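Q: I'd like a close look at one strand and whatever sits around it. Could you pick one and walk me through it slowly?

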Amino acid sequence: MLTLKVSGMTCGHCAQTVTKAVEAVPAVDRALVDLKAGQVSVEGKADESVIRQAIEDAGYEVQGRA
């Protein structure tokens, strides 16, 4: 499982947006967003750089691994 710190998520809609963006990446099985911690945990075999790009394309900033 890959866990990334994501900044800019402030509400449930933000969490849904990040979840949908990450789950749209091929080879991602599931994305779990922890809004309070500002993290997204990703299950699957997708490339980390593709996941990061999907989050950034959705309008959020990846600060690194959690």
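A: Let's take β3 and begin with its partners: β1 and β3 pair in the antiparallel sense over 4 bridges. Strands here are DSSP runs of E with at least two residues, helices are runs of H or I with at least four, and both are numbered from the N terminus. Two strands pair if DSSP finds at least two bridges between them. Keep in mind that this is a predicted model, where local features need pLDDT of at least 70 and side-chain atom pairs count only at pLDDT 80 or more, while totals for chains, interfaces and linings use all residues. Residues are numbered from 1 along each chain as its sequence is written, and side-chain values use heavy atoms, with hydrogens and water left out.

Within that first pairing, Leu4 stands opposite Val40 in β3. Now for β2: β2 and β3 pair in the antiparallel sense too, over 6 bridges. Here Ala31 stands opposite Val42 in β3, and Leu32 has Ser41 of β3 as its bridge partner. The hairpin of β2 and β3 has 4 residues between the strands, and Gly38 takes a positive phi near 70° there.

Step back and you get an open sheet of 4 strands, in the order β2-β3-β1-β4, with antiparallel pairing. The edge strands, each pairing on one side only, are β2 and β4 (61-65). From one strand to the next, the twist averages 30°.

What about Gly44, which is found in strand β3? Gly44 is partly exposed, with a relative accessible area of 42% (buried means under 20%, exposed over 50%, partly exposed in between, using a 1.4 Å probe and protein chains only). Not counting residues up to four places away in sequence, Gly44 touches Ala27, Val28 and Asp29; contact means heavy atoms within 4.5 Å. Gly44 and Leu2 are 42 residues apart in sequence, yet their C-alpha atoms are 8.5 Å apart in space.

Next, the helices. α1 lies across β2 and β3, running at about 160° to β2, while α2 lies across β1, β2, β3 and β4, at about 25° to β1. Those angles run from 0 to 180 degrees between N-to-C directions, with axes being lines fitted to C-alpha atoms, for helices over the stretch in contact. The buried residues of α1 are Cys14, Ala15, Val18, Thr19, Ala21 and Val22. They cover an arc of only 165° around the axis, so they end up on the same side of α1; the arc is that of the directions from the helix axis to the C-beta atoms. On the other side of α1, His13 and Lys20 are exposed. The buried residues of α1 pack against β2 (28-34), β3 (39-44) and α2 (48-57).

That brings us to the core. The largest nonpolar core has 18 residues, and those with the most contacts inside it are Val22, Val40, Ile51 and Ile55. A nonpolar core is a set of buried Ala, Val, Leu, Ile, Met, Phe, Trp, Tyr and Cys residues joined through side-chain atoms within 4.5 Å. β3 is one of the elements that supply at least two residues of this core. Val22 touches Val42 as well as Val28, Ala31, Ile51 and Ile55, again leaving out residues up to four places away in sequence.
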